[in-house]
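Here are my notes on the two-chain model you sent round. Have it open while you read, since the points go element by element.

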Amino acid sequence: MTPASNKPDLHSIGETAFTEVLGTLLSLSATVRESANDRPVSAAPDEISSSVLLTGQRISGSVHLRLPLTFVAYAVRRLTGLDGDAGNASELQDDAAGELANMVAGRVASQLAAHAYPCKLGTPSVSRSARLATKNQKEAAHGAHPETATAGPRTVPVRSSIGGGEARECSTPPRPSDVLRAGTARAPVGVSRHALAHERTDLICEGHWLSLEIQCCYADP
Amino acid sequence: MTPRILSIDDSKTIRLLLARLFRPFACELLEAANGEEGLAIASRENPDLIILDYNMPVMDGITMLRKMREEPGLRRTPVIMLTADSGLQSLATVARLGVRDYVTKPFREEELLGKVGRIIPLISRVEQ
């Protein structure tokens, strides 16, 4: 995808940030997947989603990670040196997933600042979801994110595709689909419309499929 | 006398990481989960070094740093700032507040140990 003119290349920024964090923190290398179509569905592992909001005068948005629980448990053990059940403690796993998102968001924010779009990081938020197995991969590609549907409280899908790079318009700061709740996706009256960019990066790391989404809303069109 | 390090970070993962990192060395590690808690412990314990996270709930690292500098007993306590955001804005702010050094998260463990070792002696427990 070609990034919108005069705007930071979010795909490149995200890919670099994510791979650098994995490499520096966990000494892990990752392979970038150009297409999400071959994402394995059969395993359908439980996931932890972690998000960090970006807020600036010229840009606002979010950095959103989706990580398999088994990968997060591995990261916890690796970072803390705790083994066995300690690495499986849900509190620690949530904390580690949030911290990973925080670090990726920090690198993304640094790059955005270098492109004259300075922004501040919010506090990480974390949620868990059990992915529902889809009948086939095309449903996942064309549906409104069936693979992110949760078994618990229902979330409202707000995107119809996950393509990246194209400039759209938005009237509210973007959030990942599974963060929004029913009834919250309405535009405030009198807010001007801005350009929206959305990029997704999928990585394979130690056999785990990890996803990063960056959504940004630019104050300038 | 065993040097004392106060680690202040809202992430338990990072606090545990630092505990693992400093375990081989003859030092005492104190912990706090935010600036408010950290300030109370720092005032009471007077640590030799504070490793302070920049972005935290309740009281962030910058606010704590400002309050520390107002306390005579903590005015000169060395601080290493941990920050996920290596943007120029945050680094300029911490430099003005007299932070001894900073480390951008994620960091390589040897990088942090090197910076800590330049401020306090890190002696292996085996050598001691």
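1. Let's begin with strand pairing in chain B, bearing in mind that this is a predicted model. β4(B) and strand β5 (residues 101–104) of chain B run parallel and are joined by four bridges. If you want a register marker, take M81(B), which stands opposite Y102(B) in β5(B).

2. What lies along the other pairing of β4(B)? Strand β3 (residues 49–53) of chain B also runs parallel to β4(B), again with four bridges. Here I51(B) is the residue opposite I80(B) in β4(B). The connection goes through a helix: β3(B), helix α3 (residues 61–70) of chain B and β4(B) form a β-α-β unit, and that unit is right-handed.

3. Is strand β4 (residues 79–83) of chain B mostly covered or mostly open? Mostly covered: five of its five residues are buried. Both faces take part, with V79(B), M81(B) and T83(B) pointing one way and I80(B) and L82(B) the other, all of them buried.

4. Now for the helix of that unit. L65(B) sits in helix α3 of chain B. With 24 other C-beta atoms within 10 Å, L65(B) passes the cut-off of 20, so it counts as buried. Which residues does L65(B) touch, leaving aside neighbours within four places in sequence? They are L52(B), V79(B) and L97(B). For L52(B), the C-alpha to C-alpha distance from L65(B) is 8.7 Å, at a sequence separation of 13 residues.

5. Two backbone oddities in chain B deserve a look. The peptide bond from K105(B) to P106(B) is cis, with omega near 0°, and P106(B) lies in the loop between β5 and α5 (109–117) of chain B. Then there is V58(B), which is not a glycine but has a positive phi, near 70°. V58(B) belongs to the loop between β3 and α3 of chain B, and its 13 C-beta neighbours inside 10 Å make it partly exposed.

6. Chain A has a similar item on the checklist. Phi of A116(A) is positive as well, near 70°, and this residue is not a glycine either. A116(A) is placed in the loop between α3 and β4 (120–121) of chain A. Only 10 other C-beta atoms lie within 10 Å of A116(A), and the limit for exposed is 12 or fewer, so A116(A) is exposed.

7. On chain A as a whole: I get four helices and eight strands, in the order α-β-β-β-α-α-β-β-α-β-β-β from the N terminus. Of its 221 residues, 41% are buried. Among contacts in chain A with a separation of 6 or more, 69% are between residues 24 or more positions apart.

8. Where do the chains meet? The contact takes 22 residues from chain A and 18 residues from chain B. On the chain A side, α1 (10–26), α2 (69–80) and α3 each give two or more residues, and the largest share, 11 residues, is from α3(A). By class, that side has 13 nonpolar, seven polar and two charged residues.

9. Last, one helix pair across the interface. The axes of helix α3 (residues 90–114) of chain A and helix α1 (residues 12–22) of chain B come within 8 Å and cross at roughly 95°, so the two are roughly perpendicular. L92(A), D95(A), A96(A) and E99(A) meet K12(B), T13(B) and I14(B) there. That patch has three nonpolar, one polar and three charged residues.

Definitions and conventions
Residues numbered from 1 in each chain as written. Chains lettered and ligands numbered in written order. Predicted model: local features only at pLDDT ≥ 70, side-chain atom pairs only at ≥ 80, totals over all residues. Pairing = 2+ DSSP bridges. Right-handed = clockwise from strand over helix to strand, strands pointing away. Contact = placed C-beta atoms within 7 Å. Axes fitted to C-alpha atoms, helices over the stretch in contact; angles between N-to-C directions. Parallel < 35°, antiparallel > 145°, perpendicular 65-115°, else oblique. Nonpolar A, V, L, I, M, F, W, Y, C, P; charged D, E, K, R; others polar.
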